[in-house]
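The following paragraphs consider how aromatic rings and charged side chains are arranged in one protein model. Please read them alongside the sequence and the coordinates.

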Amino acid sequence: MPCTVFDISGGSSRFRPVVRIGNWFEENCLEEDKVRNFKSKRDRGELLVEKARTLYDNFHKEIVLAAPKQNVIFGAVVQLMPISMNIENMSTADLNLALSVVINERVVRHSQSINEDCELTVAPSARSCVRNSFRIVSGDEHDRTGQDIKYGQRFRLECMDSENDPIMLYSAPKKVNLNQSIDVTYHSHKNGELNFPLGLVHRSRCGCPGGDLPMAFTNWFCIHVDRNRRFESEGEDIPSNAPLVIVHGATNRNLAAENVVIQTLFGPEFLVSVQNYRNIYKRELWKNVWMISNGHQAGPISKKA
């Protein structure tokens with residue numbers, strides 16, 4: 001409550017500068033509560049700046065790729081890298097772009113590690129780390145660790161640091177009402193139609209009965225980049241660091257690197273989708289041409305804080 005201070009010398013009552021008026025007590029209590037909440041969150045590590053620091057540490061944790069081999073094998077930790085990016089007035093040769101996991105702003109407050117709410121992009125990869133490395137496992141229920149992967153053979157891509165309940169890369173066709181099955185922040189289009197996005201799902205949620213997704217949605221396979229050699233190359237070993245086309249088994253659409261730049265918590269990156277891009281001769285364009293890299297080494301990632 002406001003208080004009145006009497007000025008005896010002047011013979012009248014008036015407010016002096018030291019007098020507090022209005023809701024000063026409530027405002028003072030509010031500021032004290034803010035300080036106490038700040039200190040409490042700081043002590044528990046719940047400040048956004050500390051969460052962001054933990055996020056970068058978790059996603060940029062260094063990963064050792066598979067030892068360089070002539071062919072790609074099951075169980076290997078690899079990177080999926082586009083052969084080239086046709087960006088006007090921009091050179092991407094030195095970016096070492098790779099398929100990467102990115103977390104959006106609405107998730108970072110309650111999770112600082114890879115989860116099903118994360119999305120996929122094509123991002124610069126100065127070195128292999130958790131967000132841009134994947135483990136290749138068999139597309140069936142057999143353990144084929146150490147065996148060479150063949151053209152046309154199904155495989156799955158598992159995120160790193162998710163051994164207990166592996167998180168796998170998948171895509172899915174549209175729903176009956178023509179809405180996308182995967183909720184993503186950014187979409188890409190081809191001829192006005194939305195491309196199929198990529199998503200992440202726990203293995204425990206896949207399969208029947210009781211699964212939310214068919215296991216087939218997590219299956220991928222590779223085909224030869226040369227359309228004229230695909231029939232004869234079926235069943236041959238997939239060479240490492242060689243151009244190829246990665247196909248989603250359920251939709252028969254290709255993994256595609258889009259020349260669309262988006263802003264993420266890790267900086268500017270490129271969209272990725274599942275869509276077929278071919279020329280008039282039915283040959284895949286650069287968007288659909290990738291390589292599976294094992295043993296790729298480069299300089300260190302510049303850490304953000």
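A residue is called buried when its relative accessible area is under 20%. The model discussed here is predicted, and by this criterion Phe-59 and Phe-266 are both buried. For Phe-266 the relative accessible area is 7%, so this residue counts as buried. Tyr-56 has a value of 10% and is therefore buried as well.

These residues also meet through their rings. A pair of aromatic rings is described by the distance of the centres and the angle of the planes. With centres required to lie within 6.5 Å, the count comes to two aromatic pairs. One of them joins Tyr-56 to Phe-266 in an edge-to-face arrangement, at 5.3 Å centre to centre and with 85° between the planes. This contact links distant parts of the chain: Tyr-56 belongs to helix 2 (residues 48–59), whereas Phe-266 lies in the loop between strand 14 (255–264) and strand 15 (267–274), 210 residues apart.

The rings of Phe-59 and Phe-266 have centres 5.6 Å apart and planes at 35°, so this pair is classed as tilted. Here too distant parts of the chain are linked, since Phe-59 is in helix 2 and Phe-266 is in the loop between strand 14 and strand 15, 207 residues apart. Together, Tyr-56, Phe-59 and Phe-266 make up one aromatic cluster.

Charged side chains provide a further kind of ring contact. The charged end of Arg-253 is placed over the ring of Phe-196, 4.0 Å from the ring centre. Likewise, Lys-190 has its charged end over the ring of Tyr-277, at 5.4 Å from the centre.

Methods. Residues numbered from 1 in each chain as written. Predicted model: local features only at pLDDT ≥ 70, side-chain atom pairs only at ≥ 80, totals over all residues. Heavy atoms only, no water. Phe/Tyr/Trp six-rings, centres within 6.5 Å; stacked < 30°, edge-to-face > 60°. Helix = DSSP H or I, 4+ residues; strand = E, 2+ residues; numbered from the N terminus. Buried < 20%, exposed > 50% of the residue type's maximum accessible area, 1.4 Å probe, protein only. Lys NZ or Arg CZ within 6 Å of the ring centre and 35° of its normal.
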